[in-house]
Structures are given as structure tokens and as C-alpha cells.
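Student: Could we go through this structure together, with each term explained as we meet it?

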Amino acid sequence: MTQHKVGTQEEWQAARDELLAEEKELTRRSDELARKRRELPWVAVEKEYRFETTDGTKSLADLFDGRSQLLVYHFMFGPEYEAGCPVCSSIADNLNANVPHLRARDATLICSSRAALDKLQSYEQRMGWSFDWVSTVGPDFNRDLGFLHTEEELQPFLAGEMPVTVDQMATACGTDVAHYVAEGPGLSAYVQSDGTVYRTYVSTARGLEPVMGYYGLLDRAPMGRHEEGEEVHWLRRHDEYGS
């Protein structure tokens, strides 16, 4: 028998109306944060970053593909990985479907990783994605944004007790823990104006939840995310569930 509170339709409606008022307030607050996000000062990108693409080596400006806005998802797929991070892969599933809609609003969306281009292309084919995925030339693009860490910087973490999920994800990527956690996920945004590329926004960690559509849906399901107490992360690549 269920242990959850059970009520009448009238009791549910009254509670739902109270919650709806809070949801609307959160929506208004989110709109305000979006406005402040857009009002952040732009920073000119002065370093000459280079990327390997299916059409040869390109600059950051080239990646805009004729549009004025560029969104880059920094996908955890290091040179030592044999496969992409499962969590980043779940995010990429969501990103892939949004590419044409973003293009309609003058925004190009790509993924960027440090692994060799042929590895990225092979993995993209396996996953059935169609977004543009570029390989960074050198470490600076990720390093300058805080998405790449040295072993020295990671030493305090590596010397401690390793969370089970970190071992799980490293194994899933075919690499060791040190190389797995050296990479970091993130989203960076750019605009091109009067011939200059500006960085406008950078986010990581829980700031990436807007591109993890399944969490928003699970938050509305009866059991929620239901992750409390789970040592092993439930996320898998979409072709691995049930395996």
C-alpha cells in the first residue's frame, strides 16, 4: 500500500493552486536572471584558438558558420578516452534535437572536445548525432575557461577517497580516474559583432541542468530524480540502457 499522502480532488486542487503560485514566481525570477545574464559585459576573445573540423582547421570566428551567436558545449572526451563521457552523452542527446531551432534564431550550437577528430566522428556516428563536433588544437581553449585541470591541481582530490561514480565514469570512458577528472564539462557563449568575437557567458556543474532536459521532466514525475543514496550513477549512454 502506498505510504504517500492521499487526498480528494478538491484537496489536490487547493494544494496545486498554492504550488502554481510559487512556480509562477520562480518563472518570473528565472526571467529576471535571464535578463541579467544577457546584460553581463562582453569580453573580447584575443587568443587565436584553432579547431580541427571536417572542413579543415578553423578559427573560433569560423565556427559561427555565418551566424552572430555561438554556443559551445565542452564535451568531456579527452585524448586518452576511448569513448565520450556518459553524462555528456546524455546532454548531447538533448543538444542534438535543438540545433535546427537554435539556427532559426541566429545561433550556432557545436560541441568541442580535446580528443582526436576521428575519435569524435566515430563516436558521433555510434550515437546517431548530427551536430558539428570540433577537436581543439592544444589545451588552451578548455584550460582558459577552467574546463581542463593539471594533475598537480587535482592531487588533493586524487589522494582522497574516490567516489564510486567517478570510477564508474572513468571505466565507461576507457581511461583512468586522473585522466577522466582532468576534463570538465561546460557551456560557453559567444557573439560576433563588427568583426570581433566576444565571450558572453560560461557555466558548468549544475548550471548545465537547462541542457539536461530529462531532469526537468523527472522533477515533475511522482518519484522525482530519486537519486538519494545511489552510489552508482543511473545515467548511461542511450544505447546502453538495459544492457
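Tutor: On a 1 Å grid over the protein atoms alone, a pocket is an open set of points where a 1.4 Å probe fits, with protein on both sides within 12 Å along at least five of seven lines, and its lining residues have an atom within 4 Å of a point. Grid points are joined across faces, edges and corners, and a volume is the space filled by probe spheres set on the points. This is a predicted model, in which local features need pLDDT of at least 70 and side-chain atom pairs count only at pLDDT 80 or more, while totals for chains, interfaces and linings use all residues. Residues are numbered from 1 along each chain as its sequence is written, and side-chain values use heavy atoms, with hydrogens and water left out.

Student: What is the volume of the largest pocket?

Tutor: Taking volume in the sense just given, the largest pocket comes to about 1,200 Å³. Of the 36 residues that line the largest pocket, the closest to its centre are Ala34, Arg37, Leu187, Tyr201 and Pro210. The volume asked for is therefore about 1,200 Å³.

Student: Which element gives the most to the lining of the largest pocket?

Tutor: Helices (H or I, at least four residues) and strands (E, at least two) are DSSP runs, numbered from the N terminus. Those that each supply at least two residues of this lining include β4 (69-74), β5 (107-113) and α1 (9-38). With 11 residues, the element that gives the most is α1.

Student: Is Gln168 buried or exposed?

Tutor: Gln168 is found in helix α6, and, leaving out residues up to four places away in sequence, Gln168 touches Val232, His233, Leu235 and Arg236 (contact means heavy atoms within 4.5 Å). Buried means under 20% relative accessible area and exposed over 50%, with partly exposed in between, for a 1.4 Å probe and protein chains only. Because its relative accessible area is 18%, Gln168 is buried.

Student: Which strands stand at the edges of the sheet?

Tutor: Two strands pair if DSSP finds at least two bridges between them. The open sheet of eight strands has mixed pairing and the order β1-β8-β7-β4-β5-β6-β2-β3. Each edge strand has a single partner, so one side is left without a neighbour in the sheet, and these strands are β1 (43-44) and β3 (56-59).

Student: In which sense do β4 and β5 pair?

Tutor: Strands of a sheet pair through backbone hydrogen bonds, either parallel or antiparallel. Val72 stands opposite Ile110 in β5. Over six bridges, the sense in which β4 and β5 pair is parallel.
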